[in-house]
Amino acid sequence: MANCKKVTRLLSDALDRPLTPGEWLTIRTHLPMCSGCRNYRKQIALLREATKLIRDGEAPAAADEAAG
Ligand SMILES: [Zn+2]
C-alpha cells in the first residue's frame with residue numbers, strides 16, 4: 001500500500017525525470033483513493049505551468065535573478 005509521502009514525492013519527481021512503470025503504478029493506484037494527493041497533483045501541475053511561462057519570458061521580471 002503506497003503512502004501519501006511516497007506518492008507526493010513521486011509526483012514531484014515526475015516533473016524532473018521519467019518515472020518507471022512501477023512508480024506510475026504506485027501513483028495510479030493511490031490517486032483514486034486519496035483526494036489529498038489529487039489536490040497535490042493539481043497544485044504542482046499549476047506550478048509547472050507557471051515555471052514554463054517564466055522560462056518563456058511571459059511572466060513578471062522576477063526570473064532574472066534565477067537565470068544568473
Ligand atoms: Zn495520498
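This section describes the fold, the zinc site, the nonpolar core and the salt bridges of a predicted model.

The secondary structure of the chain comprises four helices and zero strands. Read along the sequence, these elements follow the pattern α-α-α-α. Of the 68 residues of the chain, 21% count as buried. Helix H1 covers residues 4-13, and helix H2 spans 21-30. Helix H3, formed by residues 35-55, contains 21 residues. From the first C-alpha of H3 to its last, the helix reaches 30 Å, close to the 30 Å expected at 1.5 Å a residue. Just after H3, Gly57 adopts a positive phi of about 80 degrees.

A zinc ion is bound in the model through four residues, namely Cys4, His30, Cys34 and Cys37. The coordinating atoms are SG in the case of Cys4, Cys34 and Cys37, and NE2 in the case of His30, at 2.0 to 2.3 Å. The arrangement is tetrahedral, because the four donor atoms around the zinc ion subtend angles of 102 to 115 degrees, and four donors are classed in this way if all angles lie between 85 and 135 degrees. Along the sequence, the donor residues display the spacing C-x25-H-x3-C-x2-C. The structure holds zero disulfides.

The donor residues can be placed on the helical framework as follows. Cys4 is numbered within the range of helix H1 (residues 4-13), and His30 within that of helix H2 (21-30). Cys34 lies in the loop between helix H2 and H3, whereas Cys37 falls within the residue range of H3 (residues 35-55). Cys34 and Cys4 are 30 residues apart in sequence, yet their C-alpha atoms are 8.2 Å apart in space. His30 and Cys37 are both buried. With a relative accessible area of 2%, Cys37 falls under the 20% limit and therefore counts as buried. The corresponding value for Cys34 is 13%, so this residue is also buried.

Two of the zinc donors, Cys34 and Cys37, also belong to the nonpolar core. The largest such core has nine residues, the others being Val7, Leu10, Leu11, Leu19, Ile27, Leu31 and Ile44. The elements that contribute two or more residues to this core are H1 and H3. H1 gives the most, with three residues. A further relation between H1 and H3 is seen in the pair Leu11 and Ala45, which are 34 residues apart along the chain and have their C-alpha atoms separated by 9.5 Å. Ala45 lies in helix H3 and is partly exposed, with a relative accessible area of 39%.

Four salt bridges are present in the structure. Side chains of opposite charge can pair when their charged atoms come close. Asp13 takes part in two of the contacts described here. In the contact with Arg9, the closest N and O atoms are 3.2 Å apart. Asp13 and Arg9 both lie in helix H1, four residues apart, which corresponds to about one turn of the helix. An α-helix has 3.6 residues a turn, so residues three or four places apart point the same way. Asp13 also forms a salt bridge with Arg17, again with the closest N and O atoms 3.2 Å apart.

The three residues of these contacts fall into separate accessibility classes. Asp13 counts as buried at 12% relative accessibility, Arg17 as partly exposed at 33%, and Arg9 as exposed at 55%. Arg9, Asp13 and Arg17 are further linked with Glu23 in a network of salt bridges.

Another salt bridge is found in helix H3, where the side chains of Glu49 and Lys52 meet at 3.4 Å, N to O. Because Glu49 and Lys52 are three residues apart in this helix, they are separated by about one helical turn. Both residues are partly exposed, with a relative accessible area of 40% for Glu49 and 39% for Lys52.

Technical notes
Residues numbered from 1 in each chain as written. Predicted model: local features only at pLDDT ≥ 70, side-chain atom pairs only at ≥ 80, totals over all residues. Heavy atoms only, no water. Donors = N, O, S within 2.8 Å, 3.2 Å for Na, K, Ca; no water. Tetrahedral: all angles 85-135°; square planar, octahedral: opposite > 155°, others 65-115°. Buried < 20%, exposed > 50% of the residue type's maximum accessible area, 1.4 Å probe, protein only. Expected span 1.5 Å × (residues − 1). Disulfide = S-S within 2.5 Å. Core = buried A, V, L, I, M, F, W, Y, C linked by side-chain atoms within 4.5 Å.
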